[in-house]
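Colleague: Could you take a close look at one part of this model for me, the surroundings of the ligand? I'd like to know what is around it and how those pieces are put together.

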Amino acid sequence: MTHPRSGFDPAASSLAGDVAPEVMAELLSVRSSIDNIDATLVYLLAERFKATQRVGHLKAEHDLPAGDPQREAAQIARLRMLAEEAQLDPAFAEKFLNFIISEVIRHHQAISENRKPPTGPAADTSSTGAAGEHGVHD
Ligand SMILES: O=C(O)C(=O)C[C@]1(C(=O)O)C=C[C@@H](O)C=C1
């Protein structure tokens, strides 16, 4: 059944017709767990980005660099250890963290750029009397 609000059809599959009904039933049952896990991943990531957004503003306010390589090295070493404990491929855990962190660093840089007073001829507001805008946050 398609979910009325999201339009998501948990039974959507290119395999229908090629699979015995009992195999399909088992597949759909496992997929329902996968859907719950994916939903929590989205919420977890949203929460992580909310936290890193605060870090981004803090760093921009205090003119701190977006990246912190020593912190990243410590995070990666820890996550690799946790991954091994959890029987997750540590190389995958490292790649995944690096992927997220590179996005966070892009966000930090955007926050910092948006705070900077504009420069160059287009930024000359003296003729319009407009006040130079500071502190524009995303
Ligand atoms: O903790 C920080 O300083 C952050 O900016 C957050 C974060 C992360 O996403 O965990 C991102 C960039 C840094 O290089 C280190 C860690």
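Modeller: Here is a walk through the ligand's surroundings and the helices that build them.

First, a bit of housekeeping: this is a predicted model, where local features need pLDDT of at least 70, side-chain atom pairs count only at pLDDT 80 or more, and totals for chains, interfaces and linings use all residues. Residues are numbered from 1 along each chain as its sequence is written.

The protein chain has 3 helices and 0 strands, running α-α-α from the N terminus on. Helices (H or I, at least four residues) and strands (E, at least two) are DSSP runs, numbered from the N terminus.

Now the ligand. Around it sit Thr 52, Val 55, Gly 67, Asp 68, Arg 71, Glu 72, Gln 75, Ile 101, Val 104, Ile 105 and His 108. A residue makes that list if its C-beta atom, placed from the backbone, lies within 6 Å of the molecule. By class, this shell splits into 4 nonpolar, 4 polar and 3 charged residues. Here Ala, Val, Leu, Ile, Met, Phe, Trp, Tyr, Cys and Pro count as nonpolar, Asp, Glu, Lys and Arg as charged, and the others, Gly among them, as polar. Helices H1 (21-61), H2 (69-85) and H3 (90-115) each chip in at least two residues, and H3 gives the most, with 4.

Let's take the helices in turn. H1 has 41 residues, so at 1.5 Å a residue it should span 60 Å, and its end C-alpha atoms are indeed 59 Å apart. (The expected span is 1.5 Å times one less than the number of residues.) H1 is hardly covered, with 2 buried residues among its 41. "Buried" means 20 or more other C-beta atoms within 10 Å of a residue's own, "exposed" means 12 or fewer, and "partly exposed" is in between, with C-beta atoms placed from the backbone. After H1 comes Asp 63, in the loop between H1 and H2. Its phi is positive, near 50 degrees, though Asp 63 is a residue other than glycine. Asp 63 counts as exposed because it has 8 C-beta neighbours inside 10 Å.

H2, with 17 residues, reaches 24 Å from its first C-alpha to its last, close to the expected 24 Å. H2 is hardly covered, with a buried count of 0. Gln 87 follows H2 and belongs to the loop between H2 and H3. Gln 87 isn't a glycine, yet its phi is positive, about 60 degrees. With 6 other C-beta atoms within 10 Å, Gln 87 is exposed.

How do H2 and H3 pack? Their axes are 8 Å apart, at an angle of about 140 degrees. (Axes are lines fitted to C-alpha atoms, for helices over the stretch in contact, and angles run from 0 to 180 degrees between N-to-C directions.) The contact uses Glu 72, Gln 75, Ile 76, Leu 79, Arg 80, Ala 83 and Glu 84 of H2, plus Pro 90, Ala 93, Glu 94, Leu 97 and Ile 101 of H3. Two residues are in contact if their C-beta atoms, placed from the backbone, lie within 7 Å. This contact has 7 nonpolar, 1 polar and 4 charged residues. Glu 72, Gln 75 and Ile 101 belong to the ligand's shell and to this contact too.
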